Amino acid sequence: MSSEELTGVQKAAVLLIALGPEKSADIFKHLKEDEIEELTLEIANTRSVSPQIKEEVLNEFYQVCLAQQYIAEGGITYAKELLDKALGGDRAQEVISKLTASLQVRPFEFVRKTDPSQLLNFIQDEHPQTIAMILSYLTPAQAAMIMSALSSEVQSDVAKRIATMDRTSPDVVKEVERVLERKLSSLINQDYTIVGGVDAIVNILNTVDRSTEKHIMESLEIEEPELADEIRKKMFVFEDIMLLDDRAIQRVLRDVDNNDLSVALKGANEDVQSTIFKNLSKRLAAMIKEDMEFMGPVRMKDVEEAQQKIVGVIRKLEDSGEIVISRGGGDEIVV
């Protein structure tokens, strides 16, 4: 009997047996309950494995992992070229075929390897919902470049759609991929793919230039005030105060209530605490430390509220131009 006669579950069982209990236990942590049950039953029913089958299964596993790595690095064509050299044409095609049948390649893989300025030409005239879905699959930096280049009306519409996007049908994703890249094989997981959401638009807005971010947020505050508030709370968290220079931190602390500062620091890490303390006078730092020591246990809710108040002060000062938050977009330094 050879490994070719084994089912996928049987091969998986052989692989786990070969890897040993510790590594197999780590793999189980990432599986669904029904998958664990099926594999456990198969392993229990596997009495012995010949060295030949074990070797064949391990080799196949290695080849599939290698192919998946090549696909992630440069797409299917790139993977095929490298596998041809490593395994030979027939074996390379066989491995690629197995991947297309059983493994997931993240949608729009080819798009993430396309220059954003070129991609903009393809999608700028698309419906805002289509643009939102595509941007959700890009890296924040790529999405930010495209978002910044869209018209102001489309920017806010796309931002709202990304933030409120939940689950997208694989058929819809596949159709959009087909239009953008007809020649590339689309390997879509048959489960509904979760994209977008508030975190996605926060990552993008944290990367775009300040003027684009401000325009989008102002539009959202008019059209979707609750959504805008949720996004704003996530855009700059309390720990990001370390992104400010000492002068900006000192300016922020002048507008912060000492009691709020004591409570906020109670739940902060040591780096944040030391950063803030070094920007306070020795007398005030000692007083804040004393307050923190004697206030006893504090509810996390109170800590978060106090930290959010300070974040509010920071955003207000940034909006007025009194401080500058270092960000990854195209902000210009004015001297």
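# How do we know? Talking through a predicted protein model

Student: Why is Gln 307 called buried?

Tutor: Gln 307 has a relative accessible area of 10%. Buried means under 20%, exposed means over 50%, and partly exposed lies in between (1.4 Å probe, protein chains only). Since 10% is under 20%, Gln 307 is buried.

Student: What should I keep in mind about the model itself?

Tutor: This is a predicted model, in which local features need pLDDT of at least 70 and side-chain atom pairs count only at pLDDT 80 or more, while totals for chains, interfaces and linings use all residues. Residues are numbered from 1 along each chain as its sequence is written, and side-chain values use heavy atoms, with hydrogens and water left out.

Student: Where does Gln 307 lie, and what does Gln 307 touch?

Tutor: Gln 307 lies in helix 18. Helices (H or I, at least four residues) and strands (E, at least two) are DSSP runs, numbered from the N terminus. Not counting residues up to four places away in sequence, Gln 307 touches Phe 238, Glu 239, Ala 264, Gly 267 and Ala 268. Contact here means heavy atoms within 4.5 Å.

Student: How many helices and strands does the protein chain have?

Tutor: There are 18 helices and two strands in the protein chain. Of its 335 residues, 40% count as buried. The chain exposes about 19200 Å², with carbon and sulfur atoms supplying 50% of that area. If you take the contacts between residues at least 6 apart in sequence, 74% join residues at least 24 apart.

Student: Which residues of helix 15 are buried, and what covers them?

Tutor: In helix 15 (residues 258-266), the buried ones are Asp 260, Leu 261, Ser 262, Val 263, Ala 264 and Leu 265. Their cover includes helix 14 (246-254), helix 16 (270-277), helix 17 (282-294) and helix 18 (300-319). At the start of helix 15, a side-chain oxygen of Asp 257 comes to within 2.9 Å of the backbone nitrogen of Asn 259.

Student: Why is Gln 273 called buried?

Tutor: Its relative accessible area is 18%, so Gln 273 falls under the 20% limit. Gln 273 has its place in helix 16, and its side chain reaches the backbone oxygen of Ala 268 at 3.2 Å. Apart from neighbours within four places in sequence, Gln 273 is in contact with Leu 265, Ala 268 and Met 292.

Student: And why is Ile 201 buried?

Tutor: The value for Ile 201 is 0%, so Ile 201 is under the 20% limit too. You will find Ile 201 in helix 11 (residues 198-205). Leaving aside neighbours within four places in sequence, its contacts are Met 147, Ala 159, Ile 162, Ala 163 and Ile 231. Ile 201 and Ile 231 are 30 residues apart in sequence, with their C-alpha atoms 7.8 Å apart in space.

Student: Why is Asp 246 called partly exposed?

Tutor: Asp 246 has 35% relative accessible area, which is between 20% and 50%, so partly exposed is the right label. Asp 246 is in helix 14 and touches Lys 278 and Asn 279, not counting residues up to four places away in sequence.

Student: What joins the side chains of Asp 246 and Asn 279?

Tutor: A polar contact of 3.4 Å joins them. The term means a pair of N or O atoms within 3.5 Å; within protein, one must be able to donate a hydrogen and the other to accept it, and residues adjacent in sequence count only if both atoms are side-chain atoms.

Student: Why does Ser 50 count as partly exposed?

Tutor: At 31%, Ser 50 also fits the range between 20% and 50%, so the same label applies. Ser 50 is in the loop between helix 3 (33-45) and helix 4 (51-87). The C-alpha atoms of Ser 50 and Val 14 are separated by 10.0 Å, with their positions 36 residues apart along the chain.

Student: What lies over the face of Phe 277?

Tutor: Lys 289 does, at 4.8 Å from the ring centre. A charge sits over a ring if NZ of Lys or CZ of Arg is within 6 Å of the ring centre and within 35 degrees of the ring normal.

Student: Which elements have the lowest and the highest mean pLDDT?

Tutor: Strand 2 (residues 193-194) has the lowest at 44, and helix 14 the highest at 93. Over residues 182-195 the pLDDT is below 50, and this stretch has 34 contacts beyond near neighbours in sequence. pLDDT is the predictor's confidence in each residue, from 0 to 100. Where it is low, the predicted coordinates should not be read in detail.

Conventions. Areas by Shrake-Rupley, 256 points an atom, 1.4 Å probe, with all protein chains shown as cover.
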